[in-house]
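Here's a walk through a protein model, written for someone who'd rather look than read tables. Pull up the structure and follow along.

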Amino acid sequence: MNAHLQPTGSAYFIDKETQAVESHTLSVLVTNEPGVLARVIGLFSGRGYNIESLTVSETEHEAHLSRITIVTRGTPHVLEQIKAQLERIVPVHRVVDLTVRAVDLGSDRPVERELALIKVAGSGEARVEALRLAEAFRAKVIDATVGHFIFEITGKPSKIDQFIAIMKPMGLIEVCRTGIAALNRGPQGM
Amino acid sequence: MTGKDTQNDGKMTGAEIVLRALKDNGVEHVFGYPGGAVLPIYDEIFQQDDIQHILVRHEQGAGHAAEGYARSTGKPGVMLVTSGPGATNAVTPLQDALMDSIPLVCLSGQVPTTLIGSDAFQECDTVGITRPCTKHNWLVKDVNDLAATIHEAFRIATTGRPGPVVVDIPKDVQFATGTYTPPAATQPKGNYKPKMQGDLERIRAAVELMAGARRPVIYSGGGVVNSGPEASQLLRELVELTGFPITSTLMGLGSYPASGKNWLGMLGMHGTYEANMAMHDCDVMVCIGARFDDRITGRLNAFSPNSKKIHIDIDPSSINKTVRVDVPILGDVGRVLEDMVRLWRATANKADKSHLNDWWENITRWRARNSLAYRPNDDVIMPQYAIQRLYEKTKHLDTYITTEVGQHQMWAAQFYGFEKPNRWMTSGGLGTMGYGLPAALGAQIAHPESLVIDIAGDASVQMTMQEMSSAVQYNAPIKIFILNNQYMGMVRQWQQLLHGNRLSNSYTEAMPDFVLMAQAFGAHGIRCEKPGDLDDAIQEMIDVKKPVLFDCRVANLANCFPMIPSGKAHNEMLLPDEATDEAVANAIDAKGRQLV
């Protein structure tokens with residue numbers, strides 16, 4: 001969104017931030033109470049941080065816990081600050097930078113998956129081609145008429161980007177994506 | 001429905017629960033203003049004597065008064081406002097308390113739950129509006145949650161890094177009957193648990209670094225005051241043991257006494273030359289309960305370039321936020337200082353401080369530069385002189401000082417010597433003009449026998465002047481000492497520095513007559529125009545047992561020096577004797593002009 005605006009924390013950073021910008025996936029465990037998502041999002045907008053993807057759902061019903069997965073971009077310094085700021089929010093239980101954790105665990109990224117629903121309309125050659133490509137991407141047809149398909153596809157965000165790109169000339173109508181769900185590999189929890 | 005009837009079966013109305021919860025949290029004073037959505041609570045206030053309600057004239061005044069009350073006592077301040085405009089007027093003090101880490105509990109009325117979201121009369125999304133300017137906030141929709149929520153609000157406001165909280169209570173919840181749970185029987189919810197004890201290994205590393213320092217400096221802040229009087233005592237002990245020089249932020253003044261021999265004065269944009277030079281040239285910096293604010297650091301890439309930095313703070317997000325530190329210590333300042341002092345004592349060879357001699361010689365040279373100097377004048381009262389005389393006439397008394405925001409605030413910080421913590425209340429982070437008068441009211445309510453003085457500017461004081469009426473109502477003999485130069489002095493100073501001396505809207509052409517104004521409020525007015533009359537006039541102000549508006553006419557064009565111009569480093573200060581018109585006009589380059 002506004003990746004070119006490096007959040008600096010102070011007007012007195014005249015020098016350009018020299019660290020490289022990285023994309024990190026954060027897992028935020030919060031009490032499932034009204035307004036908690038607004039607190040998290042308000043923090044990002046209020047302090048000028050980026051949100052590239054956001055996924056929220058209750059994950060532990062008895063304990064009233066929701067898990068928010070946020071993909072954000074920033075320099076390591078800014079990412080560290082984002083984590084610390086999130087931890088200040090009272091209903092936030094834990095924040096784990098899954099990307100940092102993945103490196104500690106010996107892999108380069110956490111497991112990240114996204115689901116997308118993609119509507120394609122067309123007839124004749126394009127329609128056949130769309131179905132053939134969907135099969136190649138292991139996308140499922142979940143709704144269809146003689147004039148359209150809705151495909152369901154799961155995978156890494158890059159795979160979904162690619163699938164959407166090649167569906168464009170096939171009569172792409174609309175796309176709905178869930179945002180990224182992520183866990184780290186191995187037996188341990190966050 | 002009366003209180004007695006409902007108590008019989010263990011049930012209370014929401015309004016009764018509010019009063020009971022306040023009482024059980026040790027509240028004695030509430031600053032507030034009634035309105036439709038809080039009438040049930042006001043009805044309960046009417047029927048009890050344990051808690052005194054102080055009626056203000058504007059909700060902003062209630063908030064700042066509660067802040068002054070909190071800052072001068074170490075207890076949480078409490079404000080009570082109605083829905084809609086009552087809540088929106090509370091936003092400024094809430095943000096002020098957030099930035100200065102003041103424990104402030106704001107109770108607000110809300111339209112009945114059935115009307116929420118319908119654009120009802122005096123409805124606003126209070127929790128939405130106050131979310132970014134509170135530490136936490138709640139909308140209570142069930143009367144049975146009310147007591148626990150208020151207890152939780154007090155716990156969150158006062159523990160960890162203190163801050164403001166809002167409890168929004170719809171009117172039907174105030175009328176509904178429910179069960180009261182006392183604080184002890186209320187389980188803290190969630191995961192909130194501030195880390196109090198510092199990591200011993202880190203503290204040991206810090207002590208080692210300090211022991212090897214040749215050019216050390218201690219830089220303390222408002223966190224020391226917030227941690228309680230023991231923290232200030234431990235800070236003094238640490239300074240005594242180590243022999244280190246110490247400077248402080250605006251918010252931390254008083255933790256170490258201004259008369260102490262290791263005191264360098266305040267640091268930062270309008271700090272002393274010796275404090276800023278020591279920060280710039282030090283080899284070990286011990287930052288205690290301060291947050292490397294931009295007013296302190298100046299240009300970041302030139303901030304104390306050759307030092308190892310130790311940072312003690314209770315808030316993890318303060319660590320490495322703007323300045324990278326070498327030894328971060330997370331914890332309560334008081335607890336960490338206790339360990340630090342103990343470890344320092346346990347390490348041998350500390351009596352000899354001769355390795356600091358060269359450093360102290362440097363500091364003596366910087367001190368000799370006399371960076372707070374100003375040109376005395378026999379005909380006109382210099383603002384610095386006015387503060388000096390005020391200090392001399394009041395230093396032996398039990399005095400609390402508040403300020404507004406601007407030049408007078410900086411002069412007060414530079415020229416009034418603070419010997420104890422909790423004696424100095426000023427809006428540091430948010431810089432709220434209009435803070436000082438209501439804050440003085442709050443401090444005076446907490447300390448009815450003490451001398452409470454608001455060192456004010458003529459512009460700031462007009463922002464919350466209406467609270468003079470509250471002061472008169474409650475016989476709170478606050479003294480409003482106005483340095484009247486007819487300008488928004490700090491705005492004008494920046495226009496001279498940055499905008500070619502074009503004084504756009506910084507001159508007040510229609511100044512009220514403050515003496516007549518005092519009389520109109522039923523207070524006492526004093527005007528002083530000559531340096532020779534000043535001492536007697538100040539004595540009169542002290543002696544009058546009434547609120548006083550003191551119109552001190554000072555030199556109109558005096559500016560506040562020394563100054564680190566925007567975008568400059570600590571060792572590029574503009575000193576008073578070098579601040580010619582030309583130097584002022586050229587002090588800030590194009591890059592620096594964009595900064596605040």
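What follows goes from chain A to the contact between the chains, and then into chain B.

Keep in mind that this is a predicted model. Let's start with chain A, which has five helices and nine strands. If you trace chain A along its sequence, the elements come in the pattern β-α-β-β-α-β-α-β-α-β-β-α-β-β. Its C-alpha atoms fill a box of roughly 60 × 45 × 35 Å along the principal axes. Of the 190 residues in chain A, 28% count as buried. Among contacts in chain A with a separation of 6 or more, 73% are between residues 24 or more positions apart.

Now look at where the two chains touch. Chain A puts 22 residues into the contact, and chain B puts in 23 residues. On the chain A side, α1 (36-46) and α2 (76-88) each supply at least two residues. The largest share there, six residues, comes from α2(A). Sorted by class, that side of chain A has eight nonpolar, nine polar and five charged residues.

Over in chain B, there's an open sheet to find. Six strands line up in the order β3-β2-β4-β5-β7-β6 (chain B), with parallel pairing. Why do β3 (52-55) and β6 (136-139) of chain B each have one side without a neighbour in the sheet? These two strands stand at the edges and have a single partner strand each, so one side of each is left open in that sense. On average, neighbouring strands of this sheet are turned by 20° against each other, direction ignored. For a closer look at one pair, take β2 (residues 29-32) of chain B, which joins β3(B) in the parallel sense over four bridges. Phe31(B) has Ile54(B) in β3(B) as its bridge partner.

Chain B has another open sheet of six strands, in the order β11-β10-β9-β12-β13-β14 (chain B), and the pairing is parallel here too. At its edges stand β11 (263-266) and β14 (327-330) of chain B; each has a single partner strand, so one side of each lacks a neighbour in the sheet. The twist from one strand to the next averages 15°. Inside this sheet, β9 (residues 216-220) and β12 (residues 284-288) of chain B pair in the parallel sense over five bridges, and Ser220(B) has Ile288(B) in β12(B) as its bridge partner. Lying across β9, β12, β13 (308-313) and β14 of chain B is helix α10 (residues 200-211) of chain B, which runs at about 135° to β14(B).

Next up is the packing. In soluble globular proteins, nonpolar side chains tend to be buried together. Here the largest nonpolar core has 199 residues, and the ones that touch the most other members are Val18(B), Met79(B), Leu104(B), Cys106(B), Ile480(B) and Ile482(B). Helix α8 (residues 143-158) of chain B gives the most to this core, with nine residues. A second, separate core of 13 residues includes Ala130(A), Phe151(A), Ile153(A) and Met167(A).

Helix α8(B) deserves its own stop. Is α8(B) largely enclosed or not? Of its 16 residues, 12 are buried, so the rest of the structure largely encloses it. Among those buried residues are Leu146(B), Ile150(B), His151(B), Glu152(B) and Phe154(B). The cover over them includes α2 (14-24), β5 (104-110), β6, β7 (164-170), α9 (171-175) and β8 (177-179) of chain B. Two of the residues just named, Leu146(B) and Ile150(B), are in contact with Val18(B), as are others including Ile41(B) and Ile169(B). As for length, 16 residues at 1.5 Å a residue should span 22 Å, and the end C-alpha atoms of α8(B) are 24 Å apart, which agrees. Just after the helix, Gly160(B) takes a positive phi of about 60°.

One last residue to click on is Val461(B), in the loop between β17 (451-457) and α20 (467-473) of chain B. Is Val461(B) buried or exposed? It has 27 C-beta neighbours inside 10 Å, so Val461(B) counts as buried. Beyond residues up to four places away in sequence, Val461(B) touches Glu404(B), Leu437(B), Ala456(B), Ile480(B) and Ile482(B). Of these, Leu437(B) is 24 residues from Val461(B) in sequence, and their C-alpha atoms are 6.8 Å apart in space. Ile480(B) and Ile482(B) also appeared earlier, among the residues that touch the most other members of the largest nonpolar core.

Methods:
Residues numbered from 1 in each chain as written. Chains lettered and ligands numbered in written order. Predicted model: local features only at pLDDT ≥ 70, side-chain atom pairs only at ≥ 80, totals over all residues. Contact = placed C-beta atoms within 7 Å. Nonpolar A, V, L, I, M, F, W, Y, C, P; charged D, E, K, R; others polar. Pairing = 2+ DSSP bridges. Axes fitted to C-alpha atoms, helices over the stretch in contact; angles between N-to-C directions. Buried ≥ 20, exposed ≤ 12 C-beta atoms within 10 Å, placed from the backbone. Core = buried A, V, L, I, M, F, W, Y, C linked by C-beta atoms within 7 Å. Expected span 1.5 Å × (residues − 1).
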